[in-house]
Amino acid sequence: MPVIEVERLHKRYGGKIAVDDVSFSVERGEIFGILGPNGAGKTTTVECLEGLRVADGGTLSVLGLDPREDRHELRQRVGIQLQESQLPDRLRVREAIDLYASFYREPADPEKLLATLGLADKRDTAYKNLSGGQKQRLSIALALVGSPEIAVLDELTTGLDPQARRDTWELIEAVRDQGVTILLVTHFMEEAERLCDRIAVIDSGRVAAIDTPAGLVGRVDDEQRIRFRPSAPVDLARLKALPDVLKVERRGGQLVVTGRGNALHTVTSFLARNQVIAGELRVDQANLDDAFVALTGRKLD
Ligand SMILES: Nc1ncnc2c1ncn2[C@@H]1O[C@H](COP(=O)(O)OP(=O)(O)OP(=O)(O)O)[C@@H](O)[C@H]1O
């Protein structure tokens, strides 16, 4: 049974339609991504789910409850990541954890949480003296301190350097492995592709597609380009005649084979049979970026 169900959500601010028509459902234990450009309606959607905004149309259910009617109960069971800098500068890490833990019926063990988030040696550090990555980890810790069944993370790694971003991704996977369902709002393609089990691509207040990252990529043309420098002459006509090969071009000393399906396997096996080594082998394939452009007609960023 889904833990989150959104059906035909509609939300306006005055005359401005922020969310036109959005439906999706999230299964327990999933990392579900909401991916879309700035202004697509992502934050409005999750704020309606959190009971912070009232929808103008559609139905919402979180853990079988109504986000508006059962806000207090849901607050105990859904963790929400704070946007940055919403804590007092002088508050120490452990104090922040203890303060937030006091809001919940079943708080997590603070020391265990600090250890999981790699903040154990920062427990006495004031908020203002934390690095960007540490602040981010603290905001995730605060989203998890109530032992939630669902964690809503909005712009998880915005402003982090690549290493801190990768560390955060590993952390989120570990949290999911403990059984927490994660709703992740992002406009980073790489983040969505790496972390999410399924993604709803939202554009102009509507769902353009919902699928696994691989499923989204599979919707665009599955053509691949295989480039290599052959160590010996190759019979281009025979190469061209292989199954799944569409085109063969010579570019200087390189060959470029365009194919689909199992073309890579077919071409490399052919070369091996003919004792040809494929030097500088490179394969270009469609990725989530291409899928996004195909679905929405524009690039993200
Ligand atoms: N309080 C508000 N009053 C009026 N318009 C708003 C308000 N909040 C959001 N909007 C508008 O609604 C649309 C959707 O905004 P929303 O913040 O949900 O999008 P988003 O996808 O989360 O974008 P971002 O990534 O920039 O946060 C935008 O055009 C935004 O300008």
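1. Let's start with helix α3, which spans residues 93-101 in this predicted model. Its buried residues are V93, A96, I97 and Y100. Together they cover an arc of only 100 degrees around the axis, so they sit on the same side of α3. That fits the general pattern: an α-helix has 3.6 residues a turn, so residues three or four places apart point the same way.

2. What lies over that side? The cover on the buried residues of α3 includes two helices, α4 (110-116) and α5 (132-144). If you have the viewer open, these are good elements to display together with V93, A96, I97 and Y100.

3. Now to the ligand. The residues around the ligand are Y13, K16, A18, G36, N38, G39, A40, G41, K42, T43, T44 and H187. Two elements, β2 (16-27) and α1 (42-49), each give two or more residues to this shell. The biggest share comes from α1, with three residues.

4. You may like the breakdown by class for the shell around the ligand: seven residues are polar, three are nonpolar and two are charged.

5. Helix α1 deserves a second look, since how much of it is covered? Seven of its eight residues are buried, making α1 mostly covered. The buried ones are K42, T44, T45, V46, E47, C48 and L49. Of these, K42 and T44 also appear among the residues around the ligand.

6. One backbone detail to finish: just after α1, G51 adopts a positive phi of about 80 degrees.

Technical notes: Residues are numbered from 1 along each chain as its sequence is written. This is a predicted model: local features need pLDDT of at least 70, side-chain atom pairs count only at pLDDT 80 or more; totals for chains, interfaces and linings use all residues. A residue is buried if 20 or more other C-beta atoms lie within 10 Å of its own, exposed if 12 or fewer, and partly exposed in between; C-beta atoms are placed from the backbone. Helices (H or I, at least four residues) and strands (E, at least two) are DSSP runs, numbered from the N terminus. The arc is that of the directions from the helix axis to the C-beta atoms. Two residues are in contact if their C-beta atoms, placed from the backbone, lie within 7 Å. A residue is near a molecule or strand if its C-beta atom, placed from the backbone, lies within 6 Å of it. Ala, Val, Leu, Ile, Met, Phe, Trp, Tyr, Cys and Pro count as nonpolar, Asp, Glu, Lys and Arg as charged, and the others, Gly among them, as polar.
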